[in-house]
Amino acid sequence: MKSFTKELWMDVPKRRMIVDIHGDVEDCVAASGIREGMVLVNAMHITASVFINDNESGLHQDYDRWLEELVPFNPGTDPASGGYLHNRTGEDNADAHHKRQIMGREVVVAITKGKLHLGPWEHIFYYEFDGRRRKRVLVKIIGE
């Protein structure tokens, strides 16, 4: 069995932002030389997610609005006024931790005949919830 590992580095200029990493993952699969196997793609940060869905900007805006309604940003530390206990650590990103739990940490995709084996509308994205700094994603491929 062969394996291939690569970290994708990126600068995320906004606090929350969806980044299309589909082509980068396809490039990793091609570089691996693996024809049959699996690829794991995971966010290496506890305030970010990797997910698969439609590459449609309206849907991405819907996600952003929905997540903000569920877990609004609030730098406060008092839950009685909408703040978060986690922010008592000195950070202001408690909402980002919750958003990551909702969207998940990683995806695993089959590789068939050297290509990602996805449905016709499936696309791979990185979703940052506490950006404005350099971030990375792990791509790990195993197979034959």
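This passage describes the fold, the cores, the salt bridges and a few local features of a predicted model.

The overall layout is a good place to start. The protein is built from 3 helices and 8 strands, and read from the N terminus these elements follow the order β-β-α-β-β-α-α-β-β-β-β. The C-alpha trace spans about 55 × 30 × 20 Å along its principal axes. Of the 144 residues, 42% count as buried. The accessible surface amounts to about 7800 Å², and carbon and sulfur atoms account for 52% of that area. Contacts between residues at least 6 apart in sequence were also examined; 81% of them join residues at least 24 apart.

Turning to the interior, the largest nonpolar core contains 24 residues. Those with the most contacts inside this core are I21, V39, V41, V50, Y126 and I141. Two or more residues each come from β1, α1, β3 (37-43), β4 (48-53), β5 (106-112), β7 (123-128) and β8 (133-143). Strand β1 gives the most, with 4 residues. A second core, separate from this one, has 8 residues, among them L67, M103, F125 and Y127.

Helix α1, which covers residues 22-32, is one of the contributors to the largest core. Within this helix, H22, V25, C28, V29 and S32 are buried. Viewed down the axis of α1, the buried residues fall within an arc of 120°, and they therefore line one face of the helix. D27, A30 and A31, on the other side of α1, are exposed. Just after the helix comes G33, with a positive phi of about 75°.

The charged side chains offer plenty to look at in the viewer. A search of the whole structure finds 14 salt bridges. Side chains of opposite charge can pair when their charged atoms come close. Nine residues need to be picked out together here: R15, R16, D64, E68, D92, D95, K99, D130 and R133 are linked in a network of salt bridges.

Within this network, R15 and D95 meet through their side chains at 3.9 Å, N to O. The two residues are 80 apart in the chain, with R15 in the loop between β1 and β2 (17-20) and D95 in helix α3 (residues 94-103). Both partners count as buried because their relative accessible areas fall under 20%: the value is 15% for R15 and 1% for D95.

R16 takes part in two of the salt bridges, one with D64 and one with E68. The side chains of R16 and D64 meet at 2.9 Å, N to O. R16 lies in the loop between β1 and β2 while D64 belongs to helix α2 (residues 57-70), so this pair ties together parts that are 48 residues apart in sequence. The bridge between E68 and R16 has an N to O distance of 2.7 Å. It likewise links helix α2, where E68 is found, to the loop between β1 and β2, across 52 residues. R16 is partly exposed, with a relative accessible area of 22%. D64 is partly exposed at 23% relative accessibility, and E68 is partly exposed at 22%.

At the surface, M1, M38, V108 and I142 make a nonpolar patch of about 410 Å². M1 sits in the segment before β1 (2-12) and is exposed, with a relative accessible area of 72%.

Two residues other than glycine also deserve a look for their backbone angles. K113 has a positive phi of about 55° although it is not a glycine. This lysine is found in the loop between β5 and β6 (115-116) and is exposed, at 59% relative accessible area. R132 likewise has a positive phi, near 70°. R132 belongs to the loop between β7 and β8, and its relative accessible area of 53% makes this residue exposed.

Terms used: Residues numbered from 1 in each chain as written. Heavy atoms only, no water. Buried < 20%, exposed > 50% of the residue type's maximum accessible area, 1.4 Å probe, protein only. Arc of directions from axis to C-beta. Patch = residues over 30% accessible without salt bridge, like charges linked within 9 Å, V, L, I, M, F, W, Y side chains within 5 Å. Areas by Shrake-Rupley, 256 points an atom, 1.4 Å probe, with all protein chains shown as cover. Salt bridge = Lys/Arg side-chain N within 4 Å of Asp/Glu carboxyl O. Core = buried A, V, L, I, M, F, W, Y, C linked by side-chain atoms within 4.5 Å. Contact = heavy atoms within 4.5 Å.
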